[in-house]
Amino acid sequence: MTYSRPKGTADIWGKDIAAWRRVEDAIRALCRAFCIDEIRTPMYEYEELFRRGIGETTDVVQKEMFTFTDAGGRDYALRPEGTAGVVRAFIENGMSSLSMPQKLYYIMPVFRAEKPQKGRYRQHHQFGIEYIGAYNPECDAEVISVARELLFKLGIEDVELHINSIGWPECRAKYNNAFKTFLGKNIDKLCPTCRERFEKNPLRVLDCKNESCKALMAGAPTSVDTLDKECRAHFMGVLAALEALGIDYIVDPFLVRGLDYYTRTVFEFKSTSLGAQDTVCGGGRYDGLIAECGGQDTASVGFGMGIERLLLIMEEKGLIKAQTDETGPVFIGYIGYSGKNAGARLALELRRVGIPCEYDIMERGVKAQMKRADKLNAAYSIIIGDDEVETGRVKIKDMRTGEAVEKGIDDVITYFKENN
Ligand code: ATP
Ligand code: MG
């Protein structure tokens, strides 16, 4: 009997790990620079949180959640996104008493029961940030700048920032009506899925990938038309703040995004080098969500960025280089019983001070040990036998040049500290 991994999941290992680590290190360094703190929330929450937070009529809640029930009859869902859990944690831990905005980030696996394809998986990873308690347009602009800085830092510069404002729920309701009226007049031109959306959540039609639906949208009313004065001013403020930071944008009047909690600003970064799954980052403002989840009225803004899609772009652009320049470990080989024990002790001492070191624990002969040293691309080797134990001196061989220096066993650590 053999097992395979579930559809739409991946094993990340070997040379891929270096690329993942590079992205994660860049994220952590960037968040430190922006004074954004890390938060880690559970992999699953009560299902109700997502139904309430993300919205009953969204695709994510209706079709994409992995749900399960425990022995006590409680319903849970694997998190399909990061924001709802962070908001729940913010409220539950009383973070509203802290200084605002609370700037939080996460790197987390999220789960969606989608049809797997390139750039679309059932478990994927998101880097996300949430600025909670952030009202001003400058907050939106700073959040957007974090995403952009990361993309640029990783060498991904051919991205477009698409931005729109959908206003408050009242503006949105007005827009919904205007849009629905428009759709009603063109209902026979919609695909079957969109005909269903027309009743439940007409704005989802804007997300439709069907060519005829897309073509129809060219003549549709836009959300900017129905913004009230304050929402319009906020949107203009965001655009001005982006300009102040030197960030280019494209106002996309039909961008509405797939989650219900958004208010006012919505944005996406689209790659011009990815195919169909070209959105690498999506985000926006969610001023009503915290109250909706039982907290005080608190304005917030954030985004989620798909790490797999980031890596796909990097791969396509040749930005993932093999890490051949990394210094290999020190290899400690041995001959005989006393050499084995002295070698084990020396290896532990090197590891204790953080010097990468490999030591044979497979009882190989010395020739086979050296073969392994080669496979590990060892930078140095030391072989300890009876003589070395007796004299207390060893030869440190540089594997690239073949040259060796003799040192006292007790001086080996000092030698590597000075040479690394
Ligand atoms: P899409 O329109 O591609 O389905 P979305 O609007 O569902 O994206 P969000 O909920 O905004 O995506 O998630 C934020 C980011 O997470 C996306 O921009 C994308 O990079 C990534 N992402 C979303 N769903 C998946 C998935 N199934 N597999 C891989 N990455 C994903
Ligand atoms: Mg989606």
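Student: Why is Val-405 called partly exposed rather than buried or exposed?

Tutor: In this predicted model, Val-405 has a relative accessible area of 32%. Buried would require a value under 20%, and exposed a value over 50%, so Val-405, at 32%, falls in between and is called partly exposed. Val-405 is a residue of strand S16, and its C-alpha atom is separated by 8.3 Å from that of Val-394, although the two are eleven residues apart along the chain.

Student: What makes Gly-402 partly exposed as well?

Tutor: The relative accessible area of Gly-402 is 44%, and since the partly exposed class lies between 20% and 50%, this value places Gly-402 in it. Gly-402 sits in the loop between strand S15 (393-398) and strand S16 (404-408). Its C-alpha atom is 9.2 Å from that of Tyr-380, with the two positions 22 residues apart in sequence numbering.

Student: How do you know that Asp-398 and Arg-400 form a salt bridge, and which burial class does each belong to?

Tutor: The N-to-O distance between their side chains is 3.8 Å, and because a salt bridge calls for such a pair within 4 Å, the contact qualifies. Asp-398 has a relative accessible area of 18% and is therefore buried, the limit being under 20%. Arg-400, in contrast, reaches 61% and counts as exposed, because that is over 50%. Elsewhere, Arg-28, Glu-38 and Arg-40 are joined into one network by salt bridges that share partners.

Student: How many salt bridges does a search of the whole structure find, and what makes the pair of Asp-140 and Arg-285 one of them?

Tutor: The search finds 27 salt bridges. For Asp-140 and Arg-285, the closest N and O atoms are 2.8 Å apart, so the pair meets the criterion of 4 Å. This pair links distant parts of the chain, with Asp-140 in helix H5 (residues 137-153) and Arg-285 in strand S10, 145 residues apart.

Student: Are Asp-140 and Arg-285 buried or exposed, and how do you know?

Tutor: Asp-140 has a relative accessible area of 0%, and the value for Arg-285 is 0% too. Each value is under 20%, so both residues are called buried. The salt bridge between Arg-120 and Glu-114, with its closest N and O atoms 2.9 Å apart, likewise joins two buried residues.

Student: Which residues are closest to ligand 1, and how many residues surround it?

Tutor: The ligand is surrounded by 15 residues, the closest being Arg-112, Glu-114, Arg-120, Tyr-121 and Arg-257. By class, this shell holds three nonpolar, seven polar and five charged residues.

Student: What makes the approach of Arg-257 to ligand 1 a polar contact?

Tutor: An N or O atom in the side chain of Arg-257 is 2.5 Å from an oxygen atom of ligand 1, and because a polar contact is a pair of N or O atoms within 3.5 Å, this one qualifies. By the same limit, Arg-309 makes a polar contact through a polar side-chain atom 3.0 Å from a ligand oxygen, and Gln-126 makes one at 3.1 Å. Taken alone, ligand 1 exposes 590 Å², of which the protein buries 89%. The elements that give two or more residues to the shell are strand S6 (123-132), strand S10 (279-285) and strand S11 (300-306), and S10 gives the most, with four residues.

Student: Why can Ile-12 belong to a surface patch?

Tutor: A patch residue needs over 30% relative accessible area and no salt bridge; Ile-12, at 31%, therefore passes the area limit. Together with Trp-13 and Ile-17, Ile-12 forms a nonpolar patch with about 310 Å² of accessible area. Ile-12 itself is found in the segment before helix H1 (15-33).

Student: Why is Arg-264 called buried, and what is its phi?

Tutor: Its relative accessibility is 9%, and because this is under 20%, Arg-264 counts as buried. Arg-264 lies in strand S9 (residues 263-271) and has a positive phi of about 55 degrees although it is not a glycine.

Student: Why is Cys-191 called buried?

Tutor: Cys-191 has a relative accessible area of 9%, which is under 20%, and it is therefore buried. Cys-191 is placed in the loop between helix H6 (169-185) and helix H7 (192-200), and its C-alpha atom is separated by 8.9 Å from that of Cys-208, 17 residues away along the chain.

Methods:
Residues are numbered from 1 along each chain as its sequence is written. Chains are lettered from A and ligands numbered from 1 in the order in which they are written. This is a predicted model: local features need pLDDT of at least 70, side-chain atom pairs count only at pLDDT 80 or more; totals for chains, interfaces and linings use all residues. Side-chain values use heavy atoms; hydrogens and water are left out. A residue is near a molecule or strand if one of its heavy atoms lies within 4 Å of it. A polar contact is a pair of N or O atoms within 3.5 Å; within protein, one must be able to donate a hydrogen and the other to accept it, and residues adjacent in sequence count only if both atoms are side-chain atoms. Accessible areas come from the Shrake-Rupley method with a 1.4 Å probe; for residues, only the protein chains shown count as cover. Ala, Val, Leu, Ile, Met, Phe, Trp, Tyr, Cys and Pro count as nonpolar, Asp, Glu, Lys and Arg as charged, and the others, Gly among them, as polar. Patches are made of residues with over 30% relative accessible area and no salt bridge: like charges are joined within 9 Å, nonpolar side chains (Val, Leu, Ile, Met, Phe, Trp, Tyr) within 5 Å. Buried means under 20% relative accessible area, exposed over 50%, partly exposed in between (1.4 Å probe, protein chains only).
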